[in-house]
Amino acid sequence: MDRKNQHFMQDPRSQYDLSETKYDSSQPDPGLDTLLQPKADHGERSYKGSGRLTGRKALITGGDSGIGRAVAIAFAREGADLVLTYLESEETDGKETEQYLADSGVKVCSIVGDISNEEFCKELVHFAVDRLGSIDILVNNAAQQYYVEKLADLTSEQFQKTYATNVFSMFWITKAAVPHMPKGSSIINTTSIQSYQPSAGLLDYASSKSAITGFTKSLAKMLINEGIRVNAVAPGPIWTPLQQSGGQRPEKIENFGQGVPMGRPGQPAELAPMYVYLASQESSYVTAEVMGVTGGGHLP
Ligand code: NAD
Ligand code: MG
């Protein structure tokens, strides 16, 4: 669902009118953008770069789909070379993202693997430094989210895997990356509105996002001594495969995002400019912050 007119002044509530659209309630795990119905807007046709990241080197986790894909498209069009990573089972989405980046004139490399594994996290950073020479922007964006209604049904395996994927990976990747990050670099972690307003049924996910918010603020205070800024973006309800593939109860998908003041879910394309801002030197006085993009659901 690309919007050619995204740059025109318009009522944000009706910018993406999906009232007549049939939402598929679910798809198999892991969710794929290729199967997402209705299609999401990643800025494929609308994002226009203006050289804000020329020559920067960026590593983006979960760059195949959803918010990560929108960030990859925006960063590439702003002139950054990229390394993307995602799960092996998501290669269809990864290849499609690469196709959108093909004409942006920057270098794009991908590596598949599971970031809940510490060894892969180290390998990923090694790969990125080998291909790009440095890491100037690190976007820790990948995460898993599985809705489990009752506490008794939430397994230790799921709880631990959620934390390994969403939180521990951030520690492993960041620790390995920082020695390769020059002064002026920027780390951007994807947290969530769930960090502040946790839903029942997302006990592991929501609390992992609260951990990411705390991790971001503490890390920012450590790394400013090395000239590196660290911030987080907290999205509200955004239309991505994460939601359709077990992130929400299937019954909730039909009305997904309608509870926020904007009355609709956000599109990945509406997130990307915030990541560009935090990655670029324009945000030079911004660190240890969490920036909400919530459709009015707002952070505390
Ligand atoms: P998405 O499914 O498109 O992206 C998540 C990505 O995480 C996947 O594409 C996958 O590549 C990666 N991933 C998951 N487990 C992994 C693993 N073990 N190893 C390697 N990669 C793995 O969905 P999205 O909504 O774009 O999610 C991106 C970020 O946005 C996540 O951190 C999510 O928590 C956050 N977020 C999403 C929403 C929303 O409503 N969609 C709201 C708040 C926060
Ligand atoms: Mg994906």
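**Note on the sheet and its packed helices**

1. Val139 stands opposite Ile188, a residue of strand β5. This pair belongs to a predicted model, as does everything described below.

2. The two strands concerned are β4, residues 137-140, and β5, residues 186-190; they run parallel and are joined by four bridges. In general, strands of a sheet pair through backbone hydrogen bonds, in either a parallel or an antiparallel manner.

3. The wider setting is an open sheet of seven strands with parallel pairing, ordered β3-β2-β1-β4-β5-β6-β7. At its edges lie β3 (108-112) and β7 (290-293), each of which pairs on one side only. On average, neighbouring strands of the sheet are turned by 15° against each other, direction ignored.

4. Helix α3 packs on this sheet and touches β1 (57-61), β2 (81-86) and β3; the direction of α3 makes about 160° with that of β2. Helix α8, residues 272-279, also packs on the sheet, where its contacts are β4, β5, β6 (229-235) and β7. The direction of α8 makes about 170° with that of β6.

5. Helix α3 (residues 118-132) has a further partner in helix α4 (residues 156-177): their axes come within 9 Å and cross at roughly 35°. The crossing of α3 past α4 is right-handed.

6. On the α3 side of this contact are Glu118, Cys121, Leu124 and Val125, which meet Ser169, Trp172, Ile173, Ala176 and Ala177 of α4. Classified by type, the contact comprises seven nonpolar residues, one polar and one charged.

Key
Residues are numbered from 1 along each chain as its sequence is written. Chains are lettered from A and ligands numbered from 1 in the order in which they are written. This is a predicted model: local features need pLDDT of at least 70, side-chain atom pairs count only at pLDDT 80 or more; totals for chains, interfaces and linings use all residues. Side-chain values use heavy atoms; hydrogens and water are left out. Axes are lines fitted to C-alpha atoms, for helices over the stretch in contact, and angles run from 0 to 180 degrees between N-to-C directions. A crossing is left-handed if the near helix is turned anticlockwise from the far one by less than a right angle, and right-handed if clockwise. Contact means heavy atoms within 4.5 Å. Ala, Val, Leu, Ile, Met, Phe, Trp, Tyr, Cys and Pro count as nonpolar, Asp, Glu, Lys and Arg as charged, and the others, Gly among them, as polar. Two strands pair if DSSP finds at least two bridges between them.
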